Protein chains: 4
Amino acid sequence: MPDVIFPLDSTRKFEDQEKVGHNRWHPEIPPVATVRRGDSFRVHCREWFDGAIVNDDSADDILNAPLLTVHKLSGPFAVEGARPGDLLVVDILDVGPIPQEDSGPLAGQGWGYTGIFARNNGGGFLTDQFPDAYKAIWDFTGQVATSRHVPEVSYVGLIHPGLMGTAPSAQLLAKWNQREGDLIATDPNRVPPLALPPEPREAVLGSLPASEFERVAGEAARTAPPRENGGNQDIKNLSKGTRIFYPVFVDGANLSLGDLHFSQGDGEITFCGAIEMGGFVDLRVDVIKGGMETYGVSENAIFMPGIVDPRYSEWIAFSGTSVTLDGKQHYLDSHLSYQRACLHAIDYLTKFGYSPEQAYLLLGSAPIEGRLSGVVDIPNSCSTVYIPTAIFDFDVRPSAAGPHRVNAGMGAPRSNNT
Amino acid sequence: MPDVIFPLDSTRKFEDQEKVGHNRWHPEIPPVATVRRGDSFRVHCREWFDGAIVNDDSADDILNAPLLTVHKLSGPFAVEGARPGDLLVVDILDVGPIPQEDSGPLAGQGWGYTGIFARNNGGGFLTDQFPDAYKAIWDFTGQVATSRHVPEVSYVGLIHPGLMGTAPSAQLLAKWNQREGDLIATDPNRVPPLALPPEPREAVLGSLPASEFERVAGEAARTAPPRENGGNQDIKNLSKGTRIFYPVFVDGANLSLGDLHFSQGDGEITFCGAIEMGGFVDLRVDVIKGGMETYGVSENAIFMPGIVDPRYSEWIAFSGTSVTLDGKQHYLDSHLSYQRACLHAIDYLTKFGYSPEQAYLLLGSAPIEGRLSGVVDIPNSCSTVYIPTAIFDFDVRPSAAGPHRVNAGMGAPRSNNT
Amino acid sequence: MPDVIFPLDSTRKFEDQEKVGHNRWHPEIPPVATVRRGDSFRVHCREWFDGAIVNDDSADDILNAPLLTVHKLSGPFAVEGARPGDLLVVDILDVGPIPQEDSGPLAGQGWGYTGIFARNNGGGFLTDQFPDAYKAIWDFTGQVATSRHVPEVSYVGLIHPGLMGTAPSAQLLAKWNQREGDLIATDPNRVPPLALPPEPREAVLGSLPASEFERVAGEAARTAPPRENGGNQDIKNLSKGTRIFYPVFVDGANLSLGDLHFSQGDGEITFCGAIEMGGFVDLRVDVIKGGMETYGVSENAIFMPGIVDPRYSEWIAFSGTSVTLDGKQHYLDSHLSYQRACLHAIDYLTKFGYSPEQAYLLLGSAPIEGRLSGVVDIPNSCSTVYIPTAIFDFDVRPSAAGPHRVNAGMGAPRSNNT
Amino acid sequence: MPDVIFPLDSTRKFEDQEKVGHNRWHPEIPPVATVRRGDSFRVHCREWFDGAIVNDDSADDILNAPLLTVHKLSGPFAVEGARPGDLLVVDILDVGPIPQEDSGPLAGQGWGYTGIFARNNGGGFLTDQFPDAYKAIWDFTGQVATSRHVPEVSYVGLIHPGLMGTAPSAQLLAKWNQREGDLIATDPNRVPPLALPPEPREAVLGSLPASEFERVAGEAARTAPPRENGGNQDIKNLSKGTRIFYPVFVDGANLSLGDLHFSQGDGEITFCGAIEMGGFVDLRVDVIKGGMETYGVSENAIFMPGIVDPRYSEWIAFSGTSVTLDGKQHYLDSHLSYQRACLHAIDYLTKFGYSPEQAYLLLGSAPIEGRLSGVVDIPNSCSTVYIPTAIFDFDVRPSAAGPHRVNAGMGAPRSNNT
């Protein structure tokens with residue numbers, strides 16, 4: 001086990017730790033540690049809401065999830081010798097739940113959660129169909145997660161950090177604020193919002209001097225979206241064994257990470273999708289000098305996934321096209337066609353006895369594949385979603401015999417959108 | 001080898017065959033044959049342009065590709081006992097190039113092609129960046145395709161029909177024409193067009209009586225897009241061993257298919273993407289009575305891919321977000337983020353000596369994976385594209401040593417958009 | 001499809017073809033064709049018994065199988081420029097049953113067979129437990145084989161030539177005859193025999209001049225065993241996409257092949273194991289000059305399997321050690337431990353309603369993996385056999401609920417050892 | 001993390017721990033803990049030599065390895081309700097090196113070792129070719145092992161317990177002693193020995209009362225071989241996610257385990273093969289009442305491997321037949337044919353610059369596949385060994401360009417057999 005350069009004590013809040021991370025992107029947030037090229041090190045990560053979501057059978061905590069507080073990130077970690085224009089090479093050596101702790105109040109202590117946000121507090125991919133808040137708790141047994149709220153399925157963990165990235169330069173940050181501000185301005189009162197502007201409330205900026213806090217917090221970017229620096233890419237395949245190449249925008253690169261997931265499907269479609277948890281990540285870093293120019297990387301990470309993902313060989317897949325539920329034709333809209341594919345999957349699963357929200361929670365957290373199958377066949381794009389059949393305790397294939405009926409149990413806890 | 005119920009003679013045009021297929025969707029196109037539940041049968045398929053694209057080093061044929069003539073489909077095949085509301089179960093037992101013919105003027109006779117359509121004649125996924133026409137010819141050696149136009153790569157075929165589907169009912173057809181007409185009406189002169197309306201010119205309607213031709217041709221839907229009946233889904237994973245469940249809208253289901261591909265990446269991003277060819281498909285059909293209601297299938301096919309796809313274990317992947325090339329922020333636009341991921345991949349590959357169009361042709365035809373990785377992290381969706389490293393004759397991974405230089409050879413033939 | 005340089009007419013016997021192959025190994029058998037480095041070509045192959053085994057429900061043909069007549073091989077094919085000391089590079093571009101023929105009296109015409117030889121006519125791996133003759137007929141539907149004699153299983157074909165190899169030099173042939181003769185001499189009357197000496201009866205030696213026949217037939221090696229030249233290796237993984245490197249012992253290399261299998265498990269344990277059939281192989285050849293020395297290959301082929309094998313992810317596995325059924329301890333005998341592992345698998349499968357011979361036929365023909373798991377832990381070696389669970393139509397895993405009961409149907413035809 | 005029911009303190013010897021395990025098999029060794037059906041629990045395991053092998057550049061410790069002391073096992077663990085005739089279901093939930101300790105003198109603290117035993121102290125699979133002692137030290141970085149003694153390779157860990165099993169009944173133990181004694185008696189002075197008789201010296205028998213020690217130690221079976229109870233099966237595929245079904249011979253089943261490996265090839269061919277280490281295993285147990293009869297399990301474990309093994313898609317494979325190095329023909333000897341296949345692989349790898357012993361150490365520790373490819377083709381069996389090409393830092397495939405040359409570095413430490 002490599003040295004822990006960012007420890008977290010599970011009994012204390014994120015802001016009360018020996019080293020304090022951050023929840024906004026800004027080039028002036030000081031590094032918490034400096035590492036050298038070739039170094040391996042361990043980083044603890046807190047679950048993204050720092051304990052606000054609990055292991056119970058109510059969705060009130062999801063309904064009231066404190067979105068201003070996210071994501072609680074570990075870092076930044078400065079890498080000696082990294083300069084703007086380089087590529088930062090990051091190897092994810094290992095990643096897992098909170099080590100040596102299998103019970104407790106914090107997600108990652110032997111359990112995790114998936115949530116569907118209410119329309120008025122975040123929303124999600126299918127918020128028109130699912131405006132209320134729902135929650136599912138998942139218990140970890142070794143490599144496997146199961147849930148009392150979504151019965152008769154189990155997933156072999158495809159554990160990964162949902163969020164990792166380098167610090168933006170001041171120039172890049174200004175570009176983000178400009179373009180996202182422009183978008184917000186087109187419909188500033190939309191619910192859910194189009195984007196999230198800088199927000200000093202609940203900002204955590206590591207060891208930034210108090211004198212700078214107000215200014216920096218007013219500029220610092222929110223962590224929800226992925227951007228040129230990587231960030232909240234929520235790529236389920238960034239699991240152990242993965243090598244990532246991030247563009248470097250500031251001296252030292254200033255790598256940060258967090259938002260660990262025990263399992264997730266492509267799209268993380270429930271927003272508080274995935275099985276959220278805290279835990280640890282072991283990393284090794286290196287630098288390709290001048291790599292951005294050498295390899296044509298002006299923005300967004302390149303990566304090479306590891307080879308120990310769960311291996312499934314049989315899948316049931318659903319397709320969708322870019323026609324809305326009420327029959328309106330959109331032009332090559334792959335976002336819509338993926339929504340339709342996912343809704344088709346949900347319709348199918350409800351025939352086995354799952355409630356629609358159970359099916360939705362399943363799609364957000366299971367290792368499903370979401371593919372852009374056709375993007376040129378005007379006017380319809382075609383997206384597809386693949387579910388491994390082996391995650392079900394029963395035969396999920398269509399047959400003349402008709403579907404098995406799941407014992408839906410207590411169902412997924414719900415709290416009404418207000 | 002099962003009985004050939006739809007034979008094609010490679011020396012004759014599609015309309016001059018013993019049995020004539022069709023290139024439009026309409027419920028009144030008469031079946032060319034009737035099969036029973038449980039039957040296995042072989043169908044020949046003509047390449048989608050019926051020989052208009054030739055094996056040479058010019059892209060003029062792509063520039064002038066006769067888009068009104070597509071897709072040349074085999075069928076319809078009626079299935080005894082299939083009724084509206086049923087699910088038609090189709091097993092793809094086998095699929096391949098034109099059997100026993102390894103040279104000749106017809107794609108599928110030992111070779112195939114990939115094209116980039118010019119902006120004024122079809123366009124494609126990246127038409128803003130690639131407005132001109134390009135072509136690549138691929139030679140088949142056993143399971144493997146290589147190209148004199150895109151050197152130092154080879155693909156193990158993931159052979160599949162790009163297009164397969166059941167006939168629409170009159171009501172469903174009317175719905176298509178209404179919604180697509182509504183879309184076209186929003187910008188009727190757009191180039192490329194938003195959608196393709198019914199078009200009697202070049203329509204082929206099988207054995208439809210001449211007396212009905214004008215009316216039916218004026219109503220029949222074009223075959224470009226995927227729709228509720230399956231159709232041109234261009235799902236690369238519908239390869240041998242796949243089982244598909246299509247909704248049935250007319251008595252007999254009236255299955256048709258064509259547009260075979262030797263290989264294709266997710267999205268078929270060059271439009272005349274994939275490696276296009278003619279060939280054969282062996283099918284077996286069955287029916288799940290009342291399956292649409294039983295399994296919640298109101299539209300769009302369900303499928304279970306086969307288990308003999310080429311198996312790769314190492315991938316290099318690129319990510320993109322929904323920000324345009326000129327920096328404008330779009331809201332959760334997965335179509336755009338996939339464009340950006342593909343453009344990042346192209347930028348990368350050009351550093352190895354490929355021209356941008358070679359890289360684009362490669363992404364359209366290689367067995368790449370395109371994933372909807374993040375669809376909820378406002379305002380950016382995150383799409384990713386995965387390229388198997390083993391398709392390259394050289395080491396395509398980033399390293400401190402810098403990229404290998406491909407000998408680009410003659411390059412991809414080009415004809416300017418006019 | 002490459003040119004057919006060794007055609008076979010299914011209506012004629014092996015010896016009555018346009019080009020006649022051989023069924024013995026000898027350096028003087030004249031090549032039937034000469035190919036160049038880089039050439040691709042198609043070869044037809046006759047099933048190993050040339051039609052003696054028929055598609056019926058009796059095992060009499062297996063009981064009386066004409067073992068002197070095997071294997072009917074296609075070739076030899078001379079490769080220009082190949083010299084002793086080189087490595088012959090052979091790419092298996094494609095391989096399949098008899099093309100365009102799906103019914104008829106010859107295995108490969110839409111069907112194949114698996115046999116258990118009687119103890120007095122060949123025997124097999126478990127001949128002490130299975131002294132009688134049995135047969136199973138398999139029907140091919142696309143990629144898949146099923147049997148009326150072994151119900152409720154189906155295999156996706158892992159099609160491969162059981163036998164391929166280069167011609168021995170005179171010196172190498174003499175070595176074979178010496179060492180195998182020495183072995184036979186230790187127990188010349190053993191049943192089944194320890195090895196098979198040269199045998200002029202039923203020898204087929206291609207276009208060898210009649211004047212040489214008697215001498216050559218008296219020296220030529222039988223084709224049953226694998227040897228330095230490759231030969232009857234029965235390696236199930238030599239499927240399409242595989243590249244093999246054979247040592248070259250004579251000018252031209254003189255490659256021959258045959259004994260096609262639709263599917264086989266590791267070990268081909270029933271001897272007439274695998275699903276036997278005739279068909280075609282598409283090959284491409286090249287030469288690495290001096291490759292035997294360069295790569296340290298003094299004997300036995302090197303190979304790199306293809307990447308389109310059926311892909312299974314769940315297996316049930318059985319272990320065995322080198323203790324005989326009656327309790328005697330052998331020293332690190334991996335042959336025995338694999339027998340015991342297979343017998344354990346048979347015991348298990350009989351609990352699901354299969355007869356022991358059905359289970360044995362299944363293990364010979366299904367794509368099972370047989371592994372030398374432990375070879376050093378004195379005195380017991382440990383061998384393991386892995387069966388993919390997805391080949392069964394039912395759940396084959398152990399559970400508290402107990403085993404499913406197969407409807408064994410007519411069972412496997414049997415003819416008593418005499 | 002489940003509760004640790006068998007903790008080990010890395011600073012203390014195996015016999016000085018809070019709970020003391022054992023290194024012999026005997027029904028009277030008292031359980032160290034009792035668990036219930038459905039329980040999950042963690043067990044620490046000491047490396048098999050309890051620290052006698054150190055992290056240095058000498059092979060003297062391997063030369064003098066204290067073979068009487070092995071294997072240091074954790075357990076026995078009694079399972080409530082398990083009775084003779086039942087099947088004990090064991091899920092390997094997780095397994096890894098010593099948690100939270102990445103440096104120190106004990107294998108498993110961030111490193112492991114592979115050894116080749118000298119002929120006079122254990123020997124091994126190829127002891128005739130490798131009579132001296134050799135050692136390789138492996139460093140763990142996340143999931144990956146590399147060695148200063150075997151350069152330019154790295155393995156993704158296929159971590160597993162080499163040894164796990166239930167306690168024998170008195171009757172079964174007697175049977176073992178009888179049959180192994182009979183074997184030893186055939187050549188009592190053989191070096192290496194044919195088998196290992198009971199040996200009171202260095203026996204560790206847990207909490208067995210001193211009054212019983214002499215008797216029990218004189219009867220208790222050595223742990224080297226696999227037997228009916230599972231035991232030292234050294235099956236590399238018993239990795240995380242695996243479910244095993246052991247026969248139960250005594251009340252409580254009395255499960256024990258140890259001998260963890262970070263990586264191993266099929267056969268564990270160097271005897272002290274694999275990458276040896278200590279660590280932890282998380283288990284869950286259940287019972288199938290009467291399962292031995294229900295499922296036909298009279299001896300030897302059944303298992304279902306997990307789905308997170310390292311996934312490789314390209315392999316280079318070597319074949320061997322049952323002819324000795326000096327040319328003597330053996331009859332269907334799969335042990336010999338696997339030796340020959342391994343020797344062929346070693347010959348090949350030396351052409352790349354590895355010493356023979358480096359190549360041998362590599363084959364013992366890398367995730368190679370060893371298959372019983374042909375076991376019926378008299379007189380030659382055919383075994384094959386598959387090496388994943390991706391474990392090498394260079395291109396290991398044969399080509400006209402000839403082999404890359406490894407920088408063999410210091411080589412593998414050696415100590416002469418004496």
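Student: Which residue in E12(C) stands opposite C:Met164?

Tutor: This is a predicted model, where local features need pLDDT of at least 70, side-chain atom pairs count only at pLDDT 80 or more, and totals for chains, interfaces and linings use all residues. Strand E10 (residues 160-166) of chain C pairs with strand E12 (residues 230-231) of chain C in the antiparallel sense over two bridges; pairing here takes at least two DSSP bridges between the strands. Strands (E, at least two residues) and helices (H or I, at least four) are DSSP runs, numbered from the N terminus. In E12(C), the residue opposite C:Met164 is C:Gly231.

Student: How do the numbers and letters work, and which residue in E14(C) stands opposite C:Gly165?

Tutor: Residues are numbered from 1 along each chain as its sequence is written, while chains are lettered from A and ligands numbered from 1 in the order in which they are written. Strand E14 (residues 255-261) of chain C pairs with E10(C), antiparallel, over six bridges. Opposite C:Gly165 in E14(C) you'll find C:Ser256.

Student: How many residues of E10(C) are buried?

Tutor: A residue is buried if 20 or more other C-beta atoms lie within 10 Å of its own, exposed if 12 or fewer, and partly exposed in between, with C-beta atoms placed from the backbone. By that count E10(C) is mostly covered. The number of buried residues out of its seven is seven.

Student: Why is E13(C) described as largely enclosed by the rest of the structure?

Tutor: Go through strand E13 (residues 243-247) of chain C residue by residue and count the buried ones. E13(C) is largely enclosed because, of its five residues, the number buried is four.

Student: What is the bridge partner of C:Val90 in E13(C)?

Tutor: E13(C) pairs with strand E5 (residues 87-97) of chain C in the antiparallel sense over five bridges. E13(C) also pairs with strand E17 (residues 302-304) of chain C, again antiparallel, over three bridges, where C:Arg243 stands opposite C:Met304. Back with E5(C), the partner of C:Val90 is C:Ile244.

Student: OK, on to chains A and B. What turn lays chain B on chain A?

Tutor: Superpose the copies by least squares on the C-alpha atoms of residues with pLDDT of at least 70 in both. The RMSD is 0.0 Å and the shift along the axis is 0.0 Å, with a turn of 180 degrees. That is therefore the relation of a two-fold axis. The same surface serves both copies, as 100% of the contact residues of chain B recur in chain A, and the turn, once more, is 180 degrees.

Student: Which residue of chain B comes closest to that rotation axis?

Tutor: Go by C-alpha positions in chain B. At 2.3 Å from the axis, the closest is B:Arg371.

Student: How many residues of chain A are in contact with chain B?

Tutor: Two residues are in contact if their C-beta atoms, placed from the backbone, lie within 7 Å. Chain B brings 84 residues to this interface; elements giving two or more of them include helix H2 (170-185), helix H5 (334-350) and strand E18 (315-321) of chain B. By class, chain B's side has 40 nonpolar (Ala, Val, Leu, Ile, Met, Phe, Trp, Tyr, Cys and Pro), 17 charged (Asp, Glu, Lys and Arg) and 27 polar residues (the others, Gly among them). From chain A, the count is 84.

Student: At what angle do the axes of H5(A) and H5(B) cross?

Tutor: Axes are lines fitted to C-alpha atoms, for helices over the stretch in contact, and angles run from 0 to 180 degrees between N-to-C directions. In the contact, A:Ser334, A:His335 and A:Tyr338 meet B:Ser334, B:His335 and B:Tyr338; by class that gives two nonpolar, four polar and no charged residues. The axes come within 6 Å and cross at roughly 115 degrees.

Student: Which residue in E17(B) stands opposite A:Ala317?

Tutor: Strand E18 (residues 315-321) of chain A pairs with E17(B) in the antiparallel sense over two bridges. A:Ala317 faces B:Phe303.

Student: And how many residues of chain C does chain A contact?

Tutor: Chain A can be laid on chain C by a turn of 180 degrees, with an RMSD of 0.0 Å and a shift of 0.0 Å along the axis. A:Ser313 is the residue of chain A closest to that axis, at 2.8 Å (C-alpha). Chain A's side has two nonpolar, one polar and two charged residues, and the number of chain C residues in contact is five.
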